[in-house]
Amino acid sequence: MVENLFFVGFIGAAVSLLFAFFQGRKVMKYSEGSDVMKKIALAIRTGADAYIRRQYTTVAAFFVFMFIVLLVLSFIKTADGATLVNKFTPFAFLSGGFICGLCGIVGLKVATRANVRTAQAATEGLNKSLRVAFSSGTVMGFVVNGFQILEVITWYTVLKFGFKVTDEVIAQTMITFGMGVSVMAVFARVGGGIFTKAADVGADLVGKVEAGIPEDDPRNPAVIADNVGDNVGDVAGMGADLHQSNSGALVATVAIGFAAGYGVAGMLLPIIVCIIGVLMSIVGTFFVRTKEQTDQKTLLNALRRGVFIAGGLAAIGTLPAILFIARNAENAGRMSEFAYGIFGAVIVGIVSGFIISFLTEYYTSDASKPTRELADASKTGSATLIIGGLSLGMRSVTLPMLTISGAVLAAFFVSGGYADFNIGLYGIGLAAVAMLATNAIILATDAFGPVADNAGGIAEMAKLPHEVRERTDALDSLGNTTAATGKGFAIASNAFTALVLLVNYVNLVNTKLEAAGRELLDLSVINPPVLIGFFCGVAMVFYFSALCISAVQRAAMKIVDEVRRQFREIIGLLEGKEGVQADYATCVDICTKGALKEMIAPTLIVIGSPILAGLILGPAGVVGFLAGTVLAGFALAVFMLNSGGAWDNAKKFIERGNLGGKGSDQHKAAVIGDTVGDPLKDTAGPSFNNVMVLATTVAIVFSGVAIAFSLIK
């Protein structure tokens, strides 16, 4: 009976995508405002579309190259007659990248049309503005979830009923499209992050600090590039990023379910959890509304209400689904015996997600003590503010690390533990899926931030009344906190996912070694390849970060030079002389070229490192490498995200009239702190959402290469 319910996945995907479609139509019905506002929005939209076309053209060339490499590997046979990768691998890789990129494009198209509508709605009230921006964010959230479910269920249907292959082949193929998703997500996140932060840093340093003009002032030549960057980095990049987070968790859990012999039950249960999360997220969206107050506590509570209701309802709804599948599937094994324990793992995932969310919010919101204390440090200059931010970020790593550690242990032992090791591992995977089950509404609370930021820019450039900018600034500050919260969710879930994928890697390699008559992996910490792998994984994490941050630095320097040049050479620009306009296109072009050039090296490092580790250190060394990548990547990502988020909101806190307000020495110090944090929180830090999973999926796909050709056997 249960074996015939796989089609439910198609229904769940359809519901999610249809809700996204109707939300998008609703957003488009709102007014765009005056002709001036429409003209500004068109410039932002044109710049964003141009960048995405050039980025995807570059990425497409890389995908063609990787397709050819994987196609060649699918024809190379090892000594036991098996090919290095199965014949479906190249096509699964392409499909994963295509769907991931599509999620980013859909989100971008909606966001660049919602920004001007949000600005116009802010002329009528804060709640209406929040609803427009949030509705545009729900499009991204539900598109990501819908395509995630659709992709998994389509590949399962094609492989199981079209090609009639084994569950092992299905699992390996799904890991491969997961690799395609991860590659696309890293390109989108790194490229978009470089673009947006180069523009942001350059605009702030010359505009706010040197010239003393307001943020988003039309006299600033980098202002359009800054607004374009919000869309290509924080919307398209985040959409690809969160699609990877969702897909990674789902694929990893399905793969371990297949490996344990649960078949359809192993695949169906995480998909049902995702579908329940989608349905409850739809319910949660109707509870997101606020009064006309602009304090952060009120606005945060408005978003929390929707997220908590969705999470609570999802937790309740999963129990009957788990009991039904575990007790009625022919191949469920001992799942029926441990059904309540599996439900416990789901609860662990949801609760740990909320804890990570709370911790991220606590350390980055300007309604909380840490960020207000950080803002207070601006009284003595930018140096003390930066020192305080570094300390805050380091301190903020401890509790999330302990939370994830405790959650992994709890999910393992509550679901089965050593009484049934496979169920325990499956429970860890389900905890990761459950953490992101309501990701549709979580991503909606994240994606609305860049829309609100753009709305503020449009309001400033169109010279709308002061109270309009006050409302959009309140939403923008809220967006900074929810963005950090969303990234915290993504990082935490990816840590779960990477651990489950690591287990998949060990199981897969041991199966291949056993089939070849070779000894199984020696994963002792004192085994030299494992130990060296740890060090290499940590080294890769820091080198990747350095490449991302230095890329922003180089591009930002060019923007600074260009803005200074225009202020110096375009007579009357800085004075605001009528008829004199900045050359916005040049700054957009500088950011585009910088992002496209600089995004390649970090991505190649992540893809190439696990392959190289396998060729030199062998599969055991790869396990150490991946463990080092996950541990260092998670800690460094939390540090960078929370430091950057706190610096940003400390600046926002001052801009609302505290500690001297805009234009004061404290404000200038906070702007410098914010620019230091920009490449941390929006380029390098969130990229580790994808890096941890990409490195692991690459290792799995190329496991046959490591076994066949490694120097250390």
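**Figure 1. Cavities in the predicted model**. The structure, which is a predicted model, holds 7 cavities of 30 Å³ or more. The largest cavity has a volume of about 330 Å³.

**Figure 2. The lining of the largest cavity**. A total of 26 residues line the largest cavity. Among these lining residues, Asp234, Asn480, Asp648, Lys681 and Asp682 lie nearest the centre of the cavity. Two or more lining residues come from each of the following elements: helix H5 (167-211), helix H6 (223-259), helix H14 (439-461), helix H15 (466-515), helix H18 (600-655) and helix H19 (665-701). Of the elements that contribute, H15 gives the most to the lining of the largest cavity, with 6 residues.

**Figure 3. Chemical character of the lining of the largest cavity**. The lining residues of the largest cavity comprise 17 charged, 5 nonpolar and 4 polar residues. Asp234, Asp648, Lys681 and Asp682 are among the residues that lie nearest the centre of this cavity, as is Asn480.

**Figure 4. The surroundings of alanine 321 in helix H8**. Alanine 321 belongs to helix H8, which spans residues 296-328. The relative accessible area of alanine 321 is 15%, and this residue is therefore classed as buried, the cut-off being under 20%. When neighbours within four places in sequence are left aside, alanine 321 is in contact with Ile272 and Ile276.

**Figure 5. Alanine 321 and alanine 171**. These two alanines are separated by 150 residues in sequence. In space, the C-alpha to C-alpha distance between alanine 321 and alanine 171 is 23 Å.

Definitions and conventions. Residues numbered from 1 in each chain as written. Predicted model: local features only at pLDDT ≥ 70, side-chain atom pairs only at ≥ 80, totals over all residues. Heavy atoms only, no water. 1 Å grid on protein atoms, 1.4 Å probe; cavity = no way out; pocket = protein on both sides within 12 Å on 5 of 7 lines; lining within 4 Å. Points joined across faces, edges and corners; volume = space filled by probe spheres on them. Helix = DSSP H or I, 4+ residues; strand = E, 2+ residues; numbered from the N terminus. Nonpolar A, V, L, I, M, F, W, Y, C, P; charged D, E, K, R; others polar. Buried < 20%, exposed > 50% of the residue type's maximum accessible area, 1.4 Å probe, protein only. Contact = heavy atoms within 4.5 Å.
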